[in-house]
Amino acid sequence: MLAALGVFEAADAHALSDAEARLAIYRTLESDNLALASGMNTQAAGLATYVQALTLEPATLRELGDRDTLLGDYVTGSGQVRDSLSRLQQESAQLGIGAKERPVASAARAWQAWAQGRRDAAEAAAGHPLDPRLDAEGSALFSAFSAADQTLADHVRGAIDIAAAAVERQSARHNQIFYSGLAVEAMVLLVLAVAVMRSVVRPLARLTRTAEELAAGQETRVPYADRLDEVGSLARALAGWQTSSADMLSVFERSPIGICRLSTGGVILEANPSLERMLGYSSGELDGRPYRDLTPEVGHYGELVTGRRERVAVETRYQRRDGSNFWGSLTVSPVHHLDGAVDYFVAMIEDIDHRKRQEFDLLHRAGHDSLTGLPNRSLFDDRLEQALRAARRRRGKVAVLVLDLDRFKPVNDELGHAAGDDVLRKLTGRLGTALRDSDTLARLGGDEFAILLAEQDQAGAQATALKLLEVMEQPFEVEGQRRPIGLSIGIAVFPTDARNPAELMLAADSAMYRAKRNGTGWALAQSVLRLA
C-alpha cells in the first residue's frame, strides 16, 4: 500500500509540474499580447505623425529630418508587431489555442497592409496627403484588430485564472497525498496494536509509552524488536515509524524551501535552516518570534483557525534581518488535533524575488522608453486619458506641451548615435528640473517629447515652457564639444483647445511646428474648437 502511495505521489507531482508549465506559458503569452498592442499603437502613432508632417512645406519638412527619421516610430512599431506575432504563434501552438490567436494575427496583418498603402499614398501626394476615406478604412481595420486582441486577452486572462486555480488544487492535492501517506503509516501501527492488545498487555503498554516518547520527539529505544511474535512485529513497525520520523525530520532540515511551524497565535515554533538562511538569522534565532515581524501577510490566520479556509497561498514581501526585503511565495496549511481543532500551522516559503523582479521589469519596459527611462507614448496616452476624465469630473483644466529638439540631428550625423543618446539622457535630466513632481514627461520617439500638466491653465503652461527654454540655454558637453540644443514647444489646453486626447495632441503638435517655423521657441494652439 505504501509503495502504491509512492507511485501515486510521483505521478501527482508530475501532473503538478505540467500544470505549472502551462500556467507559465499563458503568462508569457499575455505579456507578448500586451507587447503586440503596444507595437500596433506605436506604429499607428508614427504613421499619423508622418502623414501630418507631409502636409508641411518642403523646406519645413527638410528641417524636421530625413525620411528615415520621420518614420522612426512607424518602423519601430512594425518590428515590435512582427516579433510579437511570431512569439504569439509559437505560444498559442504550444497551448493549442491557435484558433484564438489567428484572428488577432489576421487583423494585425490586414491593418499593416493598409498602413503600408496609406504611407505610399501619402508620399505620392506629398503636400496634400490627407485622405479621410483612407483614414476611415484604417480606423475600421484598427478597431477590428482591437476587438480581436481584446477577445484573445480576455480568453488568456480567463485561462490564466483557470490554470492558476488548477495549480493551486493540484498543489493542495499533492500535499494531501503526502500527509495521507503519514496517516496510513499511523493507521497501520494502530491496527497492529489492536491485534496484539488482548494477548500481550504489558509489552503493549511498554510499546505505547515508547510511541508517546517518540511522538514527543524524545530519543528512545524501541523494545521487543527481536521477538518473532505479534509483539515483535509491532515493535519493528514502531522502529520503522521511528526511522520514518527521522526521515521526515531530515526532509525538514534539508529542504531548499523555507519551512516553519507556527502557533495559532502566529508565533514561530521552529524553523528549518533554509528559512533561517533566507531571512539572515542564525540557528534557533527565529524560534519564539512573532511571524508578523517578517511579513505583513498575517490576516489569513483567523480564517484558517475557524475553518473558513483550508489553505492559504499568497505572494508577499518578507524582511530579512538586515532590513532588506524580498518576495516570497507563501503556502500555509493547518495541522489538526484528532478532535478537529487546529494544533499548529505549517508555512512553506519559497524565494521568488528574481521572478517578481523580472515581472516588474517587463511591466516597466512595456510603458517606458529604454534609453531615457521616461514614460513612452503608450503610457503617456493612458495618463492623458485619465487626466482628462478627472478634469471633466472636476471641471478642471489639463495642459499638454509637445517638444521637438532643434539642432539635434547634426549631433547624430557628425558625432554618431551614441553621442546623440548621451545628449537625450542629459536633456531628460534638465527638463525634469523645470517640472513638478505631479507632471509627466514622456519620450514619444526620436527627438520628440511631451509633457502632461494636470490642473494647469494656459498661463501656467506658458510659464512652464519658459522654464524649459531657460534650462536648455546652456550647451551640452558631448565628445569634448559644446553643442547647443534648442526646443520648439507647442502648447494646447483642455477644454479650451480640444475635447479629447487626440484633438489635444494634434493641437499641441501643430503649435509646435508653427513655433519651429517661426523660430519663437513656443507657440499656443489654434483651438480646433474655435476654428470649427
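**Exercise 1. Which strands form a hairpin, and how many residues lie between them?**

Solution. We're working on a predicted model here, so start with the backbone pairing.

- Step one: look at strand S3 (residues 312-319) and strand S4 (residues 325-336), which pair in the antiparallel sense over eight bridges.
- Step two: check the register with one pair. Take Thr316, whose bridge partner in S4 is Gly328.
- Step three: walk through the turn. S3 and S4 form a hairpin with five residues between them, and Gly323 in that turn has a positive phi of about 95 degrees.

**Exercise 2. Place the hairpin in its sheet and find the edge strands.**

Solution. Keep going outward from S4.

- Step one: find what else S4 pairs with. Nine bridges join S4 to strand S5 (residues 342-351), and the two run antiparallel. As a register check, Thr331 has Met348 in S5 as its bridge partner.
- Step two: write down the whole order. The sheet is open, with five strands arranged S2-S1-S5-S4-S3 and antiparallel pairing.
- Step three: read off the edges. Strand S2 (268-271) and S3 each have a single partner strand, so one side of each is left without a neighbour in the sheet.
- Step four: add the twist, which averages 30 degrees from one strand to the next.
- Step five: see what covers the hairpin strands. Helix H11 (residues 353-367) lies across S3, S4 and S5, and runs at about 125 degrees to S4.

**Exercise 3. Work out the strand order of the sheet that H16 packs on.**

Solution. Same recipe, other sheet.

- Step one: get the order. Five strands form an open sheet, S7-S8-S6-S11-S12, and the pairing is mixed.
- Step two: name the edges, strand S7 (440-445) and strand S12 (522-524), each of which pairs on one side only.
- Step three: note the twist, averaging 20 degrees from one strand to the next.
- Step four: zoom in on one pair. S7 and strand S8 (residues 448-454) pair in the antiparallel sense over five bridges, with Ala442 bridged to Ala450 in S8.
- Step five: bring in the helix. H16 touches S6, S7, S8, strand S11 (486-494) and S12, and its direction makes about 145 degrees with that of S11.

**Exercise 4. Describe two helix pairs by angle, handedness and contact residues.**

Solution. Start with helix H12 (residues 377-394) and helix H16 (residues 501-518).

- Step one: their axes come within 10 Å and cross at roughly 115 degrees. That makes H12 roughly perpendicular to H16.
- Step two: the crossing is right-handed.
- Step three: on the H12 side you'll find Phe380, Leu384, Glu385 and Leu388, meeting Pro501, Leu504 and Met505 in H16. By class, that's six nonpolar, no polar and one charged residues.

Now helix H4 (residues 72-95) and helix H5 (residues 98-124).

- Step four: these axes also come within 10 Å, crossing at roughly 160 degrees, which makes H4 roughly antiparallel to H5.
- Step five: this crossing is left-handed.
- Step six: the H4 residues in contact include Tyr74, Val81 and Leu85, while those from H5 include Glu101, Ala105 and Arg109. The whole contact divides into seven nonpolar, six polar and three charged residues.

**Exercise 5. Where is confidence lowest, and where is it highest?**

Solution. Begin with the overall numbers, then go local.

- Step one: the protein averages a pLDDT of 82, and 81% of the residues score at least 70.
- Step two: the low end is helix H17 (residues 528-531), at a mean of 48.
- Step three: the high end is strand S6 (residues 398-406), at 96.

Methods: Residues numbered from 1 in each chain as written. Predicted model: local features only at pLDDT ≥ 70, side-chain atom pairs only at ≥ 80, totals over all residues. Heavy atoms only, no water. Axes fitted to C-alpha atoms, helices over the stretch in contact; angles between N-to-C directions. Helix = DSSP H or I, 4+ residues; strand = E, 2+ residues; numbered from the N terminus. Parallel < 35°, antiparallel > 145°, perpendicular 65-115°, else oblique. Left-handed = near helix turned anticlockwise from the far one by under 90°. Contact = heavy atoms within 4.5 Å. Nonpolar A, V, L, I, M, F, W, Y, C, P; charged D, E, K, R; others polar. pLDDT = per-residue confidence, 0-100. Pairing = 2+ DSSP bridges.
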